[in-house]
Amino acid sequence: MATADVIVVGGGVIGGSIAYHLLARDPRLKVILLEKEAEVGTGATSKATGGVRHQFSTETNIRLTQLSYPYFADAERVLGRSVDFIPHGYLFVTTEPGTFEQLKKNVALQRRRGVRSRLIDPREMKAMLSQLVVDDLLGGTFCPDDGSADPYGLLQGFLALARERGLRVLTSEPVVSVSREGERVVGVETPRDRYRAPVVVNAAGPYADRVGALVGVAIPSKPYRRQVLVTDPLPDFPEVFPLIVDLDTGWYVHRQGKSAVLMGGTDKDEHPGYDTTVDWEAFDLVFKAAGKRVPPLADAKVMRAYAGVRDLTPDYHGILCAARDPQGFYIACGFSGHGFMHSPAIGLLMAELILDGRATSMDIGGLSLERFKAGTVSTEANMF
Ligand SMILES: Cc1cc2nc3c(=O)[nH]c(=O)nc-3n(C[C@H](O)[C@H](O)[C@H](O)COP(=O)(O)OP(=O)(O)OC[C@H]3O[C@@H](n4cnc5c(N)ncnc54)[C@H](O)[C@@H]3O)c2cc1C
């Protein structure tokens with residue numbers, strides 16, 4: 001049996017960030033990270049397309065990006081390595097009056113929070129990508145500081161720094177039970193070993209509800225498949241253009257340098273599950289939406305496609321809190337498609353919560369598990 005001060009369950013970018021931030025605060029801590037797979041980062045983290053955006057509709061999600069942003073834009077200084085951040089901007093577009101009104105509200109809130117987002121008219125959008133069909137658009141929003149980075153690079157950055165401070169990462173170690181004595185959690189078990197610790201952090205991504213169930217904590221975060229289609233290089237398109245989201249359909253396009261274009265979205269309402277088999281028929285909707293908004297993309301040659309799983313909550317905000325029962329059990333999951341971009345903030349805030357008893361870098365009261373029972377949810381509107 002091994003002992004630790006903190007056990008982190010899950011070796012994705014969230015678990016890696018939490019381990020790093022704990023040890024950055026106190027290198028004397030004994031932290032063990034347990035990962036069920038043979039390698040870290042093979043879950044949702046390996047499937048994330050790396051988007052980083054400020055353009056959310058709630059103060060909480062905007063603030064989480066702002067806290068995280070230096071880890072992308074200033075990664076060499078903060079993490080000692082690049083995470084290949086490219087500030088290409090995000091462009092949200094719509095033809096629907098209701099959605100456009102919401103976009104206006106979002107921008108007003110973002111600007112009050114110091115974000116450089118703005119409303120943008122169709123003519124200016126066309127200048128960003130000449131292949132974009134804008135005639136039917138009412139308008140959109142753009143933020144030049146949004147962009148994308150390398151999820152695996154960020155995870156490896158967190159883990160390298162944490163290992164220097166003594167983190168033990170154990171792979172092929174699925175947590176199959178969480179032990180409690182009275183009102184407290186006292187450790188976890190895997191098929192191979194027992195681990196004793198007064199603090200257990202559930203960072204199991206799309207499996208977090210299952211890990212919660214091991215100790216009687218109901219977590220309303222569910223796994224939903226998200227597919228991505230990768231085209232051939234498309235030399236007629238600029239090497240860099242904004243990540244474009246058509247909010248009418250949920251379709252998005254994301255340039256990957258010279259090499260390819262990624263497309264996806266339109267699959268928000270699938271049933272929950274862990275199946276990552278590619279459903280080729282579902283791409284009909286992607287091509288239909290592409291054909292309407294950027295017609296040459298509907299004829300692009302498909303190089304490959306893959307599917308991953310996102311952990312979605314009913315209000316599209318993460319869950320970040322200490323469980324009321326048992327004590328010592330912490331939850332960091334349900335990041336609803338923003339977990340990569342928010343992972344630096346989540347690690348920082350979780351370290352504060354565990355070590356100081358409360359998060360101080362921002363108010364995380366709205367991210368508690370209790371909000372669902374209390375009905376105090378505020379749903380993120382800028383989802384795709
Ligand atoms: C196609 C796709 C595109 C995305 N694009 C973006 C994007 O552009 N920007 C963005 O911010 N986010 C994006 N996301 C979401 C992002 O990938 C996730 O929010 C983020 O990776 C969550 O990280 P995590 O560490 O919580 O989960 P994961 O990376 O899934 O890590 C959880 C880990 O826990 C392990 N685990 C589970 N159960 C156990 C157990 N019982 N014992 C031990 N280990 C266990 C798993 O094996 C896994 O390695 C995307 C997701 C998908 C699928």
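**A tour of two domains, a sheet and a helix pair**

Begin by colouring this predicted model by its two parts: domain 1 comprises 2–47 + 151–220 + 315–374, and domain 2 comprises 90–144 + 222–312. The C-alpha centres of the two domains lie 31 Å apart, and twelve residues of domain 1 are in contact with nine residues of domain 2. To see the domain 1 side of this contact, select helix H2 (44–47) and helix H8 (208–213), the elements that each give two or more residues to it; by class, that side has six nonpolar, four polar and two charged residues.

Next, display the open sheet of eight strands, which follows the order S6-S7-S5-S15-S16-S17-S14-S18 with mixed pairing. Strand S6 (118–120) and strand S18 (302–312) each have a single partner strand and stand at the edges, so one side of each is left without a neighbour in the sheet. Zoom in on S6, which pairs with strand S7 (residues 139–143) in the antiparallel sense over three bridges, and pick isoleucine 120, whose bridge partner in S7 is glycine 140.

Now add the helices that lie across these strands: helix H5 (residues 97–112) crosses over strand S5 (90–94), S6 and S7, running at about 25 degrees to S7, whereas helix H9 (residues 283–293) lies across S14, S15, S16, S17 and S18, running at about 80 degrees to S16.

Finally, select helix H3 (residues 59–73) and helix H10 (residues 339–356), whose axes come within 7 Å and cross at roughly 100 degrees; the two are therefore roughly perpendicular to each other. Among the residues that meet here are Leu64, Leu67 and Tyr71 in H3 and Met341, Pro344 and Leu348 in H10, and the contact has seven nonpolar, four polar and no charged residues.

Terms used:
Residues numbered from 1 in each chain as written. Predicted model: local features only at pLDDT ≥ 70, side-chain atom pairs only at ≥ 80, totals over all residues. Axes fitted to C-alpha atoms, helices over the stretch in contact; angles between N-to-C directions. Helix = DSSP H or I, 4+ residues; strand = E, 2+ residues; numbered from the N terminus. Parallel < 35°, antiparallel > 145°, perpendicular 65-115°, else oblique. Contact = placed C-beta atoms within 7 Å. Nonpolar A, V, L, I, M, F, W, Y, C, P; charged D, E, K, R; others polar. Domains from an automatic or database assignment. Pairing = 2+ DSSP bridges.
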